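This briefing covers the main pocket and the aromatic contacts of one protein model. Please read the points below alongside the sequence and coordinates.

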Amino acid sequence: MDINLEIFSPVQQIKNKFFDEQGLEVFIKRDDLIHPIISGNKWRKLKYLLKRAQAGNKNHLVTFGGAYSNHLLATAAAAAKFGFKATGIVRGEEVNNDTLFLCRLHGMNLLFTDRESYRDKPALFKKYFADDVNAIFIDEGGASAEGAKGCSELVNELTDTYDHVFCACGTGTTAAGIINGIENNNLLTQFNAVPVFKNGEFIKGGIDKFLTTPTIYHLHTAYHFGGYGKTNNELIEFIKQFVSATGILIEPVYTGKMLYGIYDLAAKNYFKPGSRILAIHSGGIWGLLGMKDKF
């Protein structure tokens, strides 16, 4: 079976008076529209990992994530679509929620593990699947050189040029891939990463690991809102206003924080008038399932 999805990820302009007053043109690449579940960078990071599994005659995808992991859900859906077996090793005590329900519905077997054991994912893979010659290890979030390769292809799809590209960062794989794509296409675009973790400077290591050439980029570490999966009323209100004004669904874990950062930087005159800015919608809107009580 050919492991590919038909990519539908248009670039749309975000029009509002605020950006007009700043002399800015702001756009969003709708990677959330690639697939209802295997969306955004989730698909881009999985694509070449699945191809490697297929080439190596591995039919059992083993991966990792938290109880509301978009990556787990995307892997479950991709396994079902492309004929793989899937196991998700879930961080923390056994729970039932909407995300895990959808993982199971797509045929994924779930194994729960304590948080200390979860820190050593290769050891967990060996513990459960050392004797399974059909199993392939896929790191949390799809972090890998293959993941970065898939994300680099996003840049090839762009038909216009931009002064800045922004994306949210969890592992750094997506950022590295986009930076590689910018370099491969000899673009002058400045890349901006918005880590979703507190003290997000560490993400530089995750990005640099998968860069094909050393490159200057910017980290904006002030938009974590308390840490991974954390939020507050200010971010929630921003998301409500953005969704109701644009019809573009976003969530508070990744894309919401990144877009808030763009609006805040614009308000602080970070961008030169006339700048063209591209935000990457990295999908993952199922993350809203774990945040319903915040709204």
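A residue is called buried under 20% relative accessible area, exposed over 50%, and partly exposed in between. By that scale phenylalanine 137, at 25% relative accessibility, counts as partly exposed. The model is predicted. It holds 21 aromatic pairs, and its largest pocket has a volume of about 1200 Å³.

**Largest pocket**

- The volume of the largest pocket is about 1200 Å³.
- The pocket is lined by 48 residues, and those closest to its centre are Arg91, Glu140, Phe197, Tyr228 and Tyr254.
- Sorted by class, the lining comprises 18 nonpolar, 19 polar and 11 charged residues.
- At least two lining residues come from each of the helices α2 (40-55), α3 (70-82), α6 (121-129), α8 (173-184) and α9 (203-208).
- The strands β3 (60-65) and β7 (164-169) also supply at least two lining residues each.

**Aromatic pair 125/137**

- Among the 21 aromatic pairs in the structure, phenylalanine 125 and phenylalanine 137 have ring centres 5.7 Å apart and planes at 90°, so this pair is edge-to-face.
- The cut-off behind that label is a plane angle over 60 degrees.
- The pair links distant parts of the chain, with phenylalanine 125 in helix α6 and phenylalanine 137 in strand β6 (residues 135-137), 12 residues apart.
- Phenylalanine 125 has 16% relative accessibility and therefore counts as buried, whereas phenylalanine 137, at 25%, is partly exposed.

**Aromatic pair 238/260**

- The rings of phenylalanine 238 and tyrosine 260 have centres 5.5 Å apart and planes at 80°, so this pair is edge-to-face.
- Here too the pair links distant parts of the chain: phenylalanine 238 lies in helix α10 (residues 233-246) and tyrosine 260 in helix α11 (residues 255-267), 22 residues apart.
- Phenylalanine 238 is buried, with a relative accessible area of 11%.
- Tyrosine 260 also counts as buried, at 14% relative accessibility.

**Aromatic cluster**

- One aromatic cluster is formed by Phe18, Phe19, Tyr223, Phe225, Phe238, Phe242, Tyr260 and Tyr263.
- Phe238 and Tyr260, the partners in the edge-to-face pair, are both members of this cluster.

**Charges over rings**

- Lysine 149 places its charged end over the ring of tyrosine 48, 4.2 Å from the ring centre.
- The charged end of lysine 81 sits over the ring of phenylalanine 82, at 5.7 Å from the ring centre.

Technical notes:
Residues are numbered from 1 along each chain as its sequence is written. This is a predicted model: local features need pLDDT of at least 70, side-chain atom pairs count only at pLDDT 80 or more; totals for chains, interfaces and linings use all residues. Side-chain values use heavy atoms; hydrogens and water are left out. On a 1 Å grid over the protein atoms alone, a cavity is a set of points where a 1.4 Å probe fits but cannot get out, and a pocket is an open set with protein on both sides within 12 Å along at least five of seven lines; lining residues have an atom within 4 Å of a point. Grid points are joined across faces, edges and corners, and a volume is the space filled by probe spheres set on the points. Helices (H or I, at least four residues) and strands (E, at least two) are DSSP runs, numbered from the N terminus. Ala, Val, Leu, Ile, Met, Phe, Trp, Tyr, Cys and Pro count as nonpolar, Asp, Glu, Lys and Arg as charged, and the others, Gly among them, as polar. Rings of Phe, Tyr and Trp (its six-membered ring) pair if their centres lie within 6.5 Å; planes under 30 degrees apart count as stacked, over 60 as edge-to-face and the rest as tilted. Buried means under 20% relative accessible area, exposed over 50%, partly exposed in between (1.4 Å probe, protein chains only). A charge sits over a ring if NZ of Lys or CZ of Arg is within 6 Å of the ring centre and within 35 degrees of the ring normal.
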